[in-house]
Amino acid sequence: MPLLSLSWLGLGHTAASPWLLLLLVGASCLLAYILPQVYAVFENSRRLRRFPQPPTRNWLFGHLGLIQSSEEGLLYIQSLSRTFRDVCCWWVGPWHPVIRIFHPAFIKPVILAPASVAPKDRVFYRFLKPWLGDGLLLSTGDKWSRHRHMLTPAFHFNILKPYVKIFNDSTNIMHAKWQRLASQGSARLDMFEHISLMTLDSLQKCVFSFDSNCQEMNMARLCPMRTSEQRLTPSCLEATTPRPVGSPGSCTTWRSTRNTRSAAGRRCGSS
């Protein structure tokens, strides 16, 4: 394979093989892809400097790890809302910004904006897609708009108004249970269990008009009750559906077959 001259690069009469030229072309393509990305990140960072920002941990992690899933994390978020009042910029690493909006006047335009104007973040939502599928929570674009327009009338204020009293009654039951537990000396409460029972109580009253008094139970009692119930599978429904007498699978045919088999068994045993 003949050697190619690189004199056009200012390297004199240095000769190189086609593999070196291929490496040079690959490096040029890589730079052509990276440089616009770096410029876009820099330009985006420059624009986001208009938003107030709390102190970061360092340049590499940004604000990552400052908010914990605890009471201290909630208090820190409250301090951010009191300090910045409307909005602040939050950095997850050196290049992923998150705009935290606190004031309802700023949140409303974002919620009411079409999907093309306010797209969903793919970095966080893509981890939920294998479990939740491409439904209303994770879908985007025209599909999200169609599903949202179909679902919005079901949650109109006029439709939810009759259920407000039920929600309040379920919440009052939960508060009364908290007061009773606090008077008995309970210093800690499992909020997830109590709120889950309150949600279950509200759903049963609103959807089925059934008062199960489930808030006075605990999750340990409800789980065995749920697993002990027989599931109405298609095979179960087919087995419990009455059929005409004499037809295959009817009760009379099954009883006669069972009696015939038992009689045959007795004859075989006696013989």
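Helices here are DSSP runs of H or I at least four residues long, numbered from the N terminus. In this predicted model, Y125 sits in one of them, helix α4. The protein as a whole comes to 12 helices and four strands.

Some overall numbers set the scene. Of the 271 residues in the protein, 16% are buried. The accessible surface adds up to about 21500 Å², with carbon and sulfur atoms supplying 64% of it. As for how the chain meets itself, take the contacts between residues at least 6 apart in sequence: 37% of these join residues at least 24 apart.

Back to α4 and its surroundings. On the surface there is a nonpolar patch made of V123, F124, Y125, F127, L128, W131, L132 and L137, and together these residues have about 850 Å² of accessible area. Two elements give two or more residues to the patch, namely α4 (122-125) and α5 (129-132). The largest share belongs to α4, with three residues. What about Y125 itself, a patch member? Its relative accessibility is 31%, which lies between the 20% and 50% cut-offs, so Y125 counts as partly exposed.

The inside of the protein has its own nonpolar grouping. The largest nonpolar core is a set of five residues: L80, F84, C88, W90 and F102. Helix α2 (71-84) and strand β3 (87-92) each supply at least two residues of this core. F102, another core member, touches a run of residues that are more than four places away in sequence: L80, S81, F84, R85, D86, V87, C88 and I107. Three of the partners listed there, L80, F84 and C88, are fellow members of the core.

C88 deserves a second look, this time as a cysteine. With 0% relative accessibility, C88 falls under the 20% cut-off and therefore counts as buried. Another cysteine, C206, is also buried, because its relative accessible area of 16% is under that cut-off too.

How many disulfides does the structure hold? A search through the whole of it turns up zero. C88 is a case in point, since the nearest cysteine sulfur, that of C89, lies 7.5 Å away, whereas a disulfide calls for two sulfur atoms within 2.5 Å. A disulfide, after all, is a covalent bond between the sulfur atoms of two cysteines. So C88 takes part in no disulfide, though C88 does belong to the largest nonpolar core and is touched by F102.

Definitions and conventions
Residues are numbered from 1 along each chain as its sequence is written. This is a predicted model: local features need pLDDT of at least 70, side-chain atom pairs count only at pLDDT 80 or more; totals for chains, interfaces and linings use all residues. Side-chain values use heavy atoms; hydrogens and water are left out. Buried means under 20% relative accessible area, exposed over 50%, partly exposed in between (1.4 Å probe, protein chains only). Patches are made of residues with over 30% relative accessible area and no salt bridge: like charges are joined within 9 Å, nonpolar side chains (Val, Leu, Ile, Met, Phe, Trp, Tyr) within 5 Å. Accessible areas come from the Shrake-Rupley method with a 1.4 Å probe; for residues, only the protein chains shown count as cover. A salt bridge is a side-chain nitrogen of Lys or Arg within 4 Å of a carboxyl oxygen of Asp or Glu. Contact means heavy atoms within 4.5 Å. A nonpolar core is a set of buried Ala, Val, Leu, Ile, Met, Phe, Trp, Tyr and Cys residues joined through side-chain atoms within 4.5 Å.
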